[in-house]
Amino acid sequence: MFQSPRRLCSALLQRDASGLRRLPAPGLRRPSSPPAAAPRPASPRLLAAASAASGAVRSCSRTVRSMGTGTSRLYSALAKTLNSSAASQHPEYLVSPDPEHLEPIDPKELLEECRAVLHTRPPRYQRDFVDLRTDCSSTHPPIRVMQWNILAQALGEGKDNFVQCPVEALKWEERKCLILEEILAYQPDILCLQEVDHYFDTFQPLLSRLGYQGTFFPKPWSPCLDVEHNNGPDGCALFFLQNRFKLINSANIRLTAMTLKTNQVAIAQTLECKESGRQFCIAVTHLKARTGWERFRSAQGCDLLQNLQNITQGAKIPLIVCGDFNAEPTEEVYKHFASSSLNLNSAYKLLSADGQSEPPYTTWKIRTSGECRHTLDYIWYSKHALNVRSALDLLTEEQIGPNRLPSFNYPSDHLSLVCDFSFTEEPDGLL
Ligand SMILES: NC(=O)C1=CN([C@@H]2O[C@H](COP(=O)(O)OP(=O)(O)OC[C@H]3O[C@@H](n4cnc5c(N)ncnc54)[C@H](OP(=O)(O)O)[C@@H]3O)[C@@H](O)[C@H]2O)C=CC1
Ligand SMILES: [Mg+2]
């Protein structure tokens, strides 16, 4: 459904000083200042419709989980949407309650709506794909995977203490458009998200209309629920494009640490590529945060690896694991993943000159305790079964700016990681 930027022809490849070829970023960037004659929708029709539809689904289906203030928020959000001018001008959205059956959205139209909402903000940062191909033999289109801790709205406003980020930069109605703009710009086939606390009212309805199938697994005791006016618990979400993959099996995993159930979760799904018939497993997780919890994270990592051993039938099925591991590469949990019998490599290491070093940061923020610059987010992949064809470069320190993240032009304190994968040619080779 997407016209993917990865299909850029090789004539557009450029070499930079590091010798890596850089693919120009997709042509979907918000212009730095809106052209005077640019048509702007009168109201954010698609964005409003998504909220209306999901509200109706939740109120009709009786599947709403009781989550204290979260549930009442959803009902008030529904009432608000019913009264909104967009909803009253487009009543058809209110009588089609199931987002599965809503009309598909043209991604360009949604992007235009996002840009209209964001027209007072500075432009999106430019990021380029770095070409990492060692051969060009693959005949099938690559699988583009996005890993992103999008920052839970309740945590950003209520708990995170981003002292240099103005509260106006965190307004959900605009921040959600920055998140959507990032997704629409890179058009991943698979999206692995953490800190999702707007699944039912935003991401599930909108992304399903863009052709994705989604799964959400909330944290059992999400810290979002402690925040006044929260929108429900945060958790991991996994989306894949239905026209590219068939779901073979799906597991929601509550991670354990030393046999004790923890507050952290993972989703693991086995997908089959419709083009090639090849199967692979994709997993998303968000491990326990904060210093002092290194052994706990390590135990959670071991539990996840054990689950993935079972799901991949002892590494027979190629695997991609995306996550906010809340662990620097020096930590034990990182070492467990790097040395696992699942034969995993971390994709973003391939951006370094020697292919052995993780990037200097994937998250950068200023809290009351000071500046926090860390590498915590990873995309692991089966190194014998999959090739990384390209990876999206990170933002530079200059682009991130002195107030760090989040900001008026980047919606999360974590950067998105995006990679294009292809299968190696020998499906029966050692994984
Ligand atoms: N009701 C109950 O019985 C229970 C409730 N709880 C609730 O769960 C919460 C703990 O949940 P848990 O999953 O272990 O949380 P974590 O320690 O994993 O952190 C939760 C979030 O806080 C962010 N974070 C990390 N460092 C900081 C910081 N220095 N300041 C502010 N935020 C930070 C993390 O973001 P990132 O990953 O981006 O760093 C993460 O998303 C408790 O606050 C409690 O509210 C827990 C157990 C039982
Ligand atoms: Mg966070």
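This note walks through the ligand site, the pocket around it, a cavity and two backbone details.

1. **Status of the model.** The structure is a predicted model. Every value below should be read with that in mind.

2. **Who surrounds the ligand.** Start with ligand 1. It has 20 residues around it. The closest are K219, D226, Q264, H286 and K288. Sorted by class, this shell holds 10 charged, 6 polar and 4 nonpolar residues.

3. **Polar contacts to the ligand.** Three side chains deserve a look, each paired with an oxygen atom of ligand 1. For Q264, an N or O atom of the side chain is 2.7 Å from such an oxygen. Q264 is also among the closest residues of the shell. For E195, a polar side-chain atom lies 2.8 Å from an oxygen atom of the ligand. For N263, the distance from a side-chain N or O atom to a ligand oxygen is 2.9 Å. How much of the ligand does the protein cover? On its own, ligand 1 has 930 Å² of accessible area, and the protein covers 72% of that.

4. **The pocket that holds it.** Ligand 1 takes up the space of the second largest pocket. The volume of this pocket is about 750 Å³. Its lining counts 30 residues. Nearest the centre are D160, A289, R290, N326 and R367. The lining divides into 15 charged, 8 polar and 7 nonpolar residues.

5. **Where the lining comes from.** Which elements each supply at least two residues of the lining of this second largest pocket? One helix appears here, α8 (294-311), along with the strands β9 (260-273), β13 (363-367) and β14 (370-374). To follow the site by eye, trace these elements around ligand 1.

6. **Enclosed space.** Rolling a probe the size of a water molecule over the atoms reveals where empty space remains. The count here is 3 cavities of 30 Å³ or more. The second largest cavity has a volume of about 60 Å³. Its lining consists of R124, Y125, R127, L178, E181, E182, Y186, L395, N409, Y410 and P411. By class, that is 6 nonpolar, 4 charged and 1 polar residue.

7. **A cis peptide bond.** Check the bond between L405 and P406. This peptide bond is cis, with omega at about -10 degrees. P406 sits in the loop between α10 (397-400) and β17 (417-423).

8. **A positive phi.** T259 is the other backbone point to inspect. T259 is not a glycine, yet its phi is positive, at about 70 degrees. Where is T259 found? Its place is the loop between β8 (245-257) and β9. Strand β9 also returns us to the ligand site, as it supplies at least two residues of the pocket lining.

How values were computed. Residues are numbered from 1 along each chain as its sequence is written. Chains are lettered from A and ligands numbered from 1 in the order in which they are written. This is a predicted model: local features need pLDDT of at least 70, side-chain atom pairs count only at pLDDT 80 or more; totals for chains, interfaces and linings use all residues. Side-chain values use heavy atoms; hydrogens and water are left out. A residue is near a molecule or strand if one of its heavy atoms lies within 4 Å of it. A polar contact is a pair of N or O atoms within 3.5 Å; within protein, one must be able to donate a hydrogen and the other to accept it, and residues adjacent in sequence count only if both atoms are side-chain atoms. Accessible areas come from the Shrake-Rupley method with a 1.4 Å probe; for residues, only the protein chains shown count as cover. On a 1 Å grid over the protein atoms alone, a cavity is a set of points where a 1.4 Å probe fits but cannot get out, and a pocket is an open set with protein on both sides within 12 Å along at least five of seven lines; lining residues have an atom within 4 Å of a point. A molecule sits in a cavity or pocket if more than half of its atoms lie within 2 Å of its grid points. Ala, Val, Leu, Ile, Met, Phe, Trp, Tyr, Cys and Pro count as nonpolar, Asp, Glu, Lys and Arg as charged, and the others, Gly among them, as polar. Grid points are joined across faces, edges and corners, and a volume is the space filled by probe spheres set on the points. Helices (H or I, at least four residues) and strands (E, at least two) are DSSP runs, numbered from the N terminus.
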